[in-house]
Amino acid sequence: MSPVEGAIKLARYATKRDKLIAFYGCFHGRSMGALSLTASKSTQRKGFGALLGGIEHIPYPYAYRCAHGHTAETCGAEILEQLEGQIFKRLFDPEDVAGIIIEPIQGEGGYVSAPKFFLQELQRICRQHGIMFIVDEVQSGMGRTGKWWACEHAGVEPDILCSAKGIASGMPLGAIIAKESVMRWKPGSHGTTFGGNPVCLAAALATMDLIEDEYMENARVMGEHLAGRLADWTKKFKIVGDVRGRGLMIGIEIVRDQRTKEKAADLRNAIVDAAFHKGLLVLGAGENTIRLSPPLLIDQEQADFAVRMLEDCVREAEKKI
Ligand SMILES: Cc1ncc(COP(=O)(O)O)c(C=O)c1O
């Protein structure tokens, strides 16, 4: 079961409230509850009918395309004003809100990071109103950004944290981690057939040792190395609009024109396909971003191979404009 389903239930159970707030662009999963929070691509919702009620979505701070011209450090102030000044005043009384859920770095949505201050303010607003601050680290967690959790870079401490994917090196496992004061299920109130699978748990314990001993530090070091190699790409290539991310979670946004920032999904797709034929597996994220999300054990030789191959593919794609 998706950890996000557990987080929805726990937030409602712990607060005895039912409203939830989520962000446009965020992806939280495809089961019915999680899908109600997901606002990434409408195809993910199309054909499935009515979803969970009592959910509002607000914009996610996207510094590269900030409507208010803010920087990566300050983008999002107006969104928080909207939350407090509009949502809480016109739609949901904050005392009815069980939780606010956010990806500290959007995965599916295009590898967009929420600024530090934004996560800190969100936490403050949650604390002020007794709302559960829920962080979805299914993609960004387990050492990928050089810390256990991406939200640690902002110095925040969620009430409920969702983890999966890297938690057991690909064995099927998800987890909700919550403060003891929050995780107060009564026996029988929550559980699942495959929860606590002993083989998956053994894989998770071994994975955690490896991450702690070497891979988290490797993610930080290799992430810095990759970021260094990609740092001048917006100068070097006309179709690279933005390079961003943390650790081994790097997004390269492809545009038709750096000035207008017109999204170039076709060029991005051409790059992803060409990379595949050169032996490099990369995936798209959002409408026009390439995501680099290699295994945490990547070494420098492999990272440099990836940069060289990608460089060739971007150069090829650039000839198409
Ligand atoms: C941030 C995030 N949350 C949750 C999920 C889980 O999605 P699902 O339950 O559909 O596998 C994913 C999967 O990609 C994800 O990236």
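On the side of helix H7 turned away from its buried residues, Asp 273 and His 277 are exposed. Exposed here means that 12 or fewer other C-beta atoms lie within 10 Å of the residue's own, buried means 20 or more, and partly exposed covers the values in between, with C-beta atoms placed from the backbone. The model is a predicted one, in which local features need pLDDT of at least 70, side-chain atom pairs count only at pLDDT 80 or more, and totals for chains, interfaces and linings use all residues. Residue numbers start from 1 along each chain as its sequence is written.

Helix H7 spans residues 265–277. Helices (H or I, at least four residues) and strands (E, at least two) are DSSP runs, numbered from the N terminus. The 13 residues of H7 reach 19 Å from first C-alpha to last, close to the expected 18 Å at 1.5 Å a residue. The expected span is 1.5 Å times one less than the number of residues in the helix. Leu 267, Arg 268, Ile 271, Val 272 and Ala 275 are the buried residues of H7. They cover an arc of only 140 degrees around the axis, so they sit on the same side of H7. The arc is that of the directions from the helix axis to the C-beta atoms. The buried residues pack against strands S8 (249–257), S10 (283–285) and S11 (289–292), and against helix H8 (300–318). Two residues are in contact if their C-beta atoms, placed from the backbone, lie within 7 Å. Just after H7, Gly 279 has a positive phi of about 90 degrees.

Helix H4 was examined in the same terms. It runs over residues 116–129, 14 in number, and reaches 20 Å from its first C-alpha to its last, close to the 20 Å expected at 1.5 Å a residue. Its buried residues are Phe 118, Leu 119, Leu 122, Gln 123 and Cys 126. These residues lie on the same side of H4, because they cover an arc of only 135 degrees around the axis. Arg 127 and Gln 128 are exposed on the face turned away from that buried side. Strands S3 (97–102) and S4 (132–136) are the elements against which the buried residues of H4 pack. Gly 130 follows H4, and its phi is positive, near 70 degrees.

Positive phi also occurs at residues other than glycine. Lys 16 has a positive phi of about 60 degrees. Lys 16 sits in the loop between helix H1 (3–15) and strand S1 (19–23). With 7 other C-beta atoms within 10 Å, Lys 16 is exposed. Met 142 has a positive phi of about 55 degrees and is not a glycine either. The loop between S4 and strand S5 (160–163) holds Met 142. Met 142 counts as buried, with 25 C-beta neighbours inside 10 Å.

The protein chain is divided into domain 1 (3–196) and domain 2 (214–318). These bounds come from an automatic or database domain assignment. The C-alpha centres of the two domains lie 26 Å apart. At their interface, 17 residues of domain 1 are in contact with 22 residues of domain 2. The domain 1 side of this interface has 5 nonpolar, 9 polar and 3 charged residues. Ala, Val, Leu, Ile, Met, Phe, Trp, Tyr, Cys and Pro count as nonpolar, Asp, Glu, Lys and Arg as charged, and the others, Gly among them, as polar.

Individual positions were then considered. Thr 192 lies in the loop between strand S6 (175–178) and helix H5 (198–230). Thr 192 is exposed, with 11 other C-beta atoms within 10 Å. Thr 192 and Gly 6 are 186 residues apart along the chain, yet their C-alpha atoms are separated by 9.9 Å. Cys 200 is in helix H5. Cys 200 has 19 other C-beta atoms within 10 Å and is partly exposed. Leaving out residues up to four places away in sequence, Cys 200 touches Ala 168, Met 171, Pro 172 and Leu 173. Helix H5 also holds Arg 229. Arg 229 counts as partly exposed, with 17 C-beta neighbours inside 10 Å. Arg 229 and Ala 303 are 9.5 Å apart in space, C-alpha to C-alpha, and 74 residues apart in sequence.

The ligand is surrounded by 14 residues, and the closest are Ser 2, Gly 29, Arg 30, Val 138 and Gln 139. A residue is near a molecule if its C-beta atom, placed from the backbone, lies within 6 Å of it. The shell around the ligand divides into 4 nonpolar, 6 polar and 4 charged residues.
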